[in-house]
Amino acid sequence: MRKALIRSTGAYVPEWSVPNSYFNELLNEDVDTWLQENLSIKNRHWCNPAESTADLAEAAAWDALRKADLRPEKLDLIIIATDTPEFISPSTASVIQDRLRAKNAGTFDLNTACAGFVTALDVAAKYITADDRYNNVLVVGAYAMSKHLNKQDKKTVTLFADGAGAVLLSAEENTNRGFLASELRTEGQYNSWMGVYAGGTNQPITEQVIQAKDHQLKFVHRFPKELNPEVWTDMIRSLCERIDVSPAQVAQYFITQLNINSIQETMEVFDLPMTKAHTIMQNNGYTGSACIPMALDDAINKGKLKEGDLIFLIGSGGGLAFAATAFRY
């Protein structure tokens, strides 16, 4: 039986480092204390004016390819998970295929906002298990939300950051490792609560739109704080039942990293230590669809995972979309 294995990971953040003190001056108030005490965020990285989503995705992709010692022409498929694409059309994945010179790879973008990477990982794994044409699939979560921020909106400007994370999945026969199970959910009634609402066909860019800043990220309504922990908890239980394990048998949980308290609450439900929920938000802010692969890459680089470890990846994002997947590393 063919399985999709995590062969390598990669990550990249822009050079421009933006500490909390930047916002103290920008907003003329102390936001540093609140950010550290409530979200644990101390720093984040933003693109410079000449950088874009494709630059971040390309750098993370090369990192993963180097670690796997795989030439780009060996890629069969490239999936870019992003809701900050290089263009409305064509796909960011086509840009990356060209830059990598991955001449044999098909491409597409996938947008389920910040749940996008886990959703794309699920899709990639199923391509590999279902079709022997696909042996090496590159999945990249890329995020350049700084390009869509209103610098005077303290509800968004202090949280969102830029970066990219990549995972190379490869096919392997007769192994106990690799992809095990997944689950996708959506609470679509929240689709109008947070997002970038102008620039598409519903609301094309006009001078009036720009003046109202509708082309930038907006929190329209406050989400119920219990929503993420409740859904994450339920998805963890569901995955555990399907693969016949207990939550304690999971070596690491990689969860969307916007609110550290939501992650802590989820771990407490199962009486698990926070050491099992590796985070990078302290120094990277919230990197949306990139945060989970970036955290996975960081954990691997720090020796927190060994071969055979069970990992859960759980993403949630605007829409509201949720995705969870289980892999044996």
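## Close-up views of a predicted model

**View 1. The largest nonpolar core and the residues with the most contacts inside it.** In this predicted model, the largest nonpolar core has 57 residues, and those with the most contacts inside it are Phe117, Phe160, Leu169, Phe254, Leu313 and Phe327. The element that gives the most to this core is helix H5 (residues 116-130), with seven residues. Around Leu313, once its neighbours within four places in sequence are left aside, the residues in contact are Phe117, Val118, Leu121, Phe254, Ile292, Leu296, Ala323, Ala324, Thr325 and Phe327. A second core, separate from the largest one, has 26 residues and includes Ala64, Leu70, Ala142 and Ala144.

**View 2. Helix H10 and the glycine that follows it.** Helix H10 (residues 291-301) is mostly covered, since nine of its 11 residues are buried. The buried residues of H10 are Cys291, Ile292, Pro293, Met294, Ala295, Leu296, Asp297, Asp298 and Ala299; of these, Ile292 and Leu296 are also in contact with Leu313. After H10 comes Gly303, with a positive phi near 75°.

**View 3. The crossing of helices H3 and H4.** The axes of helix H3 (residues 53-68) and helix H4 (residues 92-100) come within 10 Å and cross at roughly 50°, and the two helices are therefore oblique to each other. The crossing in which H3 passes H4 is right-handed. On the H3 side the contact is made by Thr53, Ala54, Asp55, Ala57, Glu58, Ala61, Trp62 and Leu65, and on the H4 side by Thr92, Val95, Ile96, Arg99 and Leu100. Sorted by class, the residues of this contact are eight nonpolar, two polar and three charged.

**View 4. Two cis peptide bonds, each leading into a loop residue.** Most peptide bonds are trans. Ser89 and Pro90, however, are joined by a cis peptide bond, with omega about 5°, and Pro90 lies in the loop between strand S4 (77-81) and H4. A cis peptide bond also joins Gly319 and Leu320, where omega is about -15°; Leu320 belongs to the loop between strand S12 (310-317) and strand S13 (321-328).

**View 5. Positive phi at Arg101 and at Lys213.** Most residues other than glycine have a negative phi. Arg101, although it is not a glycine, has a positive phi of about 60°, and this residue is found in the loop between H4 and strand S5 (106-110). With a relative accessible area of 56%, which is over the 50% cut-off, Arg101 is exposed. Lys213, another residue other than glycine, has a positive phi near 60° and is found in the loop between helix H6 (207-212) and strand S10 (218-219). Its relative accessible area is 36%, so Lys213 is partly exposed.

**View 6. Glu173 in strand S7 and its contacts with Met1 and Arg2.** Glu173 lies in strand S7 (residues 162-173) and, at 44% relative accessibility, counts as partly exposed. When its neighbours within four places in sequence are left aside, Glu173 is in contact with Met1 and Arg2. The C-alpha atoms of Glu173 and Ala251 are separated by 24 Å, and these two residues are 78 residues apart along the chain.

Methods: Residues are numbered from 1 along each chain as its sequence is written. This is a predicted model: local features need pLDDT of at least 70, side-chain atom pairs count only at pLDDT 80 or more; totals for chains, interfaces and linings use all residues. Side-chain values use heavy atoms; hydrogens and water are left out. Axes are lines fitted to C-alpha atoms, for helices over the stretch in contact, and angles run from 0 to 180 degrees between N-to-C directions. Helices (H or I, at least four residues) and strands (E, at least two) are DSSP runs, numbered from the N terminus. Angles under 35 degrees count as roughly parallel, over 145 as roughly antiparallel, 65 to 115 as roughly perpendicular and the rest as oblique. A crossing is left-handed if the near helix is turned anticlockwise from the far one by less than a right angle, and right-handed if clockwise. Contact means heavy atoms within 4.5 Å. Ala, Val, Leu, Ile, Met, Phe, Trp, Tyr, Cys and Pro count as nonpolar, Asp, Glu, Lys and Arg as charged, and the others, Gly among them, as polar. A nonpolar core is a set of buried Ala, Val, Leu, Ile, Met, Phe, Trp, Tyr and Cys residues joined through side-chain atoms within 4.5 Å. Buried means under 20% relative accessible area, exposed over 50%, partly exposed in between (1.4 Å probe, protein chains only).
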